[in-house]
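Hi everyone, thanks for coming. I'd like to walk you through a few pieces of one structure, so have it open and follow along with me.

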Amino acid sequence: MGRYRAMSLTAAVAMTLLTAAVAMTLLTIAPAEADDPPDFADIDGTTHEDAVVAIADEGIAAGFPDGTFRPRDGVSRGQMAAFVARALELPPGDASGVDDVAGTTHEEAIGSVVGAGIASGFPDGTFRPRDTVTRGQMATMLSAGFDLDADETLRFHDVAGTTHEAGIGAVASAGITAGVSDGIYAPRATVTRGQMATFLARGLELIDRVTPPPEVLERDPDLDVAVTLTEVASMDSPTAGAAGPDGTVYLAERAGTVHPLSDDGVGGAVIDLSGETTTENERGLLGLAFAADGRELYLSYTDAAGDTAVDGVAVEDGAVQADQRRTIYTLEQPAANHNGGDLAVGPDGMLYLGLGDGGGSGDPQGAGQDLSTPLGSLVRIDPQDGDPYAIPDDNPFVDTDGAASEIYAYGLRNPWRFSFDGETGDLWIADVGESTHEEINRVTLEQARGANFGWNLMEGTSSFAGSEPDDHVPPVYEYDTRGPEGCAITGGYVYTGEAIPQLRGAYLYADYCVGQVRGLVIDHDGEVIDHAELGIDGGQVVSFVEDGAGELYVLDLGGTVHRIDPA
């Protein structure tokens, strides 16, 4: 009945299908003849080139009339059914059990995969052939189609407890996928045509399978663990930090200098912008980040005029080259507060910049919900492509008339600190409140794409200047502004270090007005599992810094730099 048998079939159903296959050999959905496979114009040098060629050679997939394969396009559920039916040489099936496929292009293929037990419809009786397929759904479909053995080894941090955990484990253990990066599978992300080609080509062994990813450490945070703060340095108003390519932590002083941290404290300045910035109000040197390849250090600061500037400084053999600096991005700021200014390089290698709404009370610019300005948004750019940067093709508003194409997410008041979970890739944004709520947002990178966090129509979960927008992404946690927990949230990081294993997976943060460091544990559905003070006070906590091993430092604007250690 084809190359593989679905493991979910009962013996009776399998025998029925086998009989049907024998009786209807000529009607089997077999691969098309491919004596002269197409030479696609858009796959040379792409990640999935070999796989695309392999499945095209087998007649499993074809390109478009313009000679392209479009490896970055998403795959619909109907298209996926057709690919799988051809790859497994399934006999035609009956799609009458689902209500919305009759007369559609992929009706016969859908009937094949449903009849073989490889895919099913939804509880409402539909198959939804035009919906895109997620990476989790694809894993479940292929684990059944290739009759893969179950494997409960946890290889990805972002799949535990999800619907498709078993299927993802099966395809990973079989060497069909290694995830999108170390420890990350991205089960909710849309499957691209290129990824689909690679999954099928590896499953059919048309190309080599990969070594299964290693088991990852479990995360079961216990916020009752005893911790302490160890003073490691003293500086003049430290504001930000980042780990360099050799593991050295670099720390920024608000007035514009950058210093390496060692066991002996902070060294001399490797960068000095003190003549180019100002420390008025909320201004100064505000963010640091290293490029994914370690070849550039990015600086976010307000220039002498008070406007946002992001510069890149070359790094050679691990050493910062202060004389090789370039301007990457600038943005006029209408006021001296709500400048944001945090920087981070995401798991996708892109540079992210957090920008406040431009200042003043209540968002007088109306920036939070205005896509024409990057103010009040999370910007995403590629500084290693273009001159001085490129806008990634998959930024959500690239094709939106009048929108600033650098915007990745919007509806933010002042995202003073944000970070990416070093293991799952999840994005955490701490947004400083106006008068009622300090908020913490957590989303996957895909969920963040085009996300509207609500400001200024919403402040946290409360209405502020209007009705809640339909696309509002509410916070996973919030607390009262000027209440017992503080007045201005300072976001931190999900702890991924080894010194305090009990904290692995907990998000640590603080408040500028109340220095207690707190832990927050959120499940996959965004529900609060635990929240507690950790019994350590970092002073005027203005920032956290993560080193190359996942250990965390706490920066007190008053000058002290602490590391969080086991007690």
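Let's start with a term: two strands count as paired if DSSP finds at least two bridges between them. Keep in mind, too, that this is a predicted model.

With that in hand, look at strand 7 and strand 8, which covers residues 296–302: they run antiparallel and are joined by five bridges. If you want a spot to click on, take phenylalanine 290, whose bridge partner in strand 8 is leucine 297. These strands belong to an open sheet of four, ordered 7-8-9-10, with antiparallel pairing. Strand 7 (285–290) and strand 10 (319–331) are the edge strands, and each pairs on one side only. From one strand to the next, the twist averages 20 degrees.

Now scroll along to another sheet. Here four strands line up as 21-22-23-24, again an open sheet with antiparallel pairing. Strand 21 (489–494) and strand 24 (528–537) each have a single partner strand, so one side of each has no neighbour in the sheet. On average, and ignoring direction, neighbouring strands in this sheet are turned by 25 degrees against each other. Strand 21 pairs with strand 22 (residues 507–511) over four bridges, in the antiparallel sense. Threonine 490 sits opposite alanine 510 of strand 22.

On to the helices, beginning with helix 3. Its twelve residues, 77–88, should span 16 Å at 1.5 Å a residue, and the end C-alpha atoms are indeed 16 Å apart. How much of helix 3 is buried? Ten of its twelve residues are, so the rest of the structure largely encloses it. Among the buried ones are Met80, Phe83, Val84 and Leu88. What do they pack against? The buried residues of helix 3 meet helix 4 (107–115), helix 5 (135–145) and helix 7 (193–203). Right after helix 3 comes glutamate 89, with a positive phi near 55 degrees.

Helix 5 has another partner to show you. It packs with helix 6 (residues 165–173) at an angle of about 65 degrees, the axes being 8 Å apart. Since 65 to 115 degrees counts as roughly perpendicular, that is therefore how helix 5 and helix 6 are described. Their crossing is left-handed. On the helix 5 side, the contact involves Gly136, Ala139, Thr140, Leu142 and Ser143, while helix 6 brings Gly167, Ile168, Ala170 and Val171.

That's my tour, and I'm happy to take questions.

How values were computed: Residues numbered from 1 in each chain as written. Predicted model: local features only at pLDDT ≥ 70, side-chain atom pairs only at ≥ 80, totals over all residues. Heavy atoms only, no water. Helix = DSSP H or I, 4+ residues; strand = E, 2+ residues; numbered from the N terminus. Expected span 1.5 Å × (residues − 1). Buried < 20%, exposed > 50% of the residue type's maximum accessible area, 1.4 Å probe, protein only. Contact = heavy atoms within 4.5 Å. Axes fitted to C-alpha atoms, helices over the stretch in contact; angles between N-to-C directions. Parallel < 35°, antiparallel > 145°, perpendicular 65-115°, else oblique. Left-handed = near helix turned anticlockwise from the far one by under 90°.
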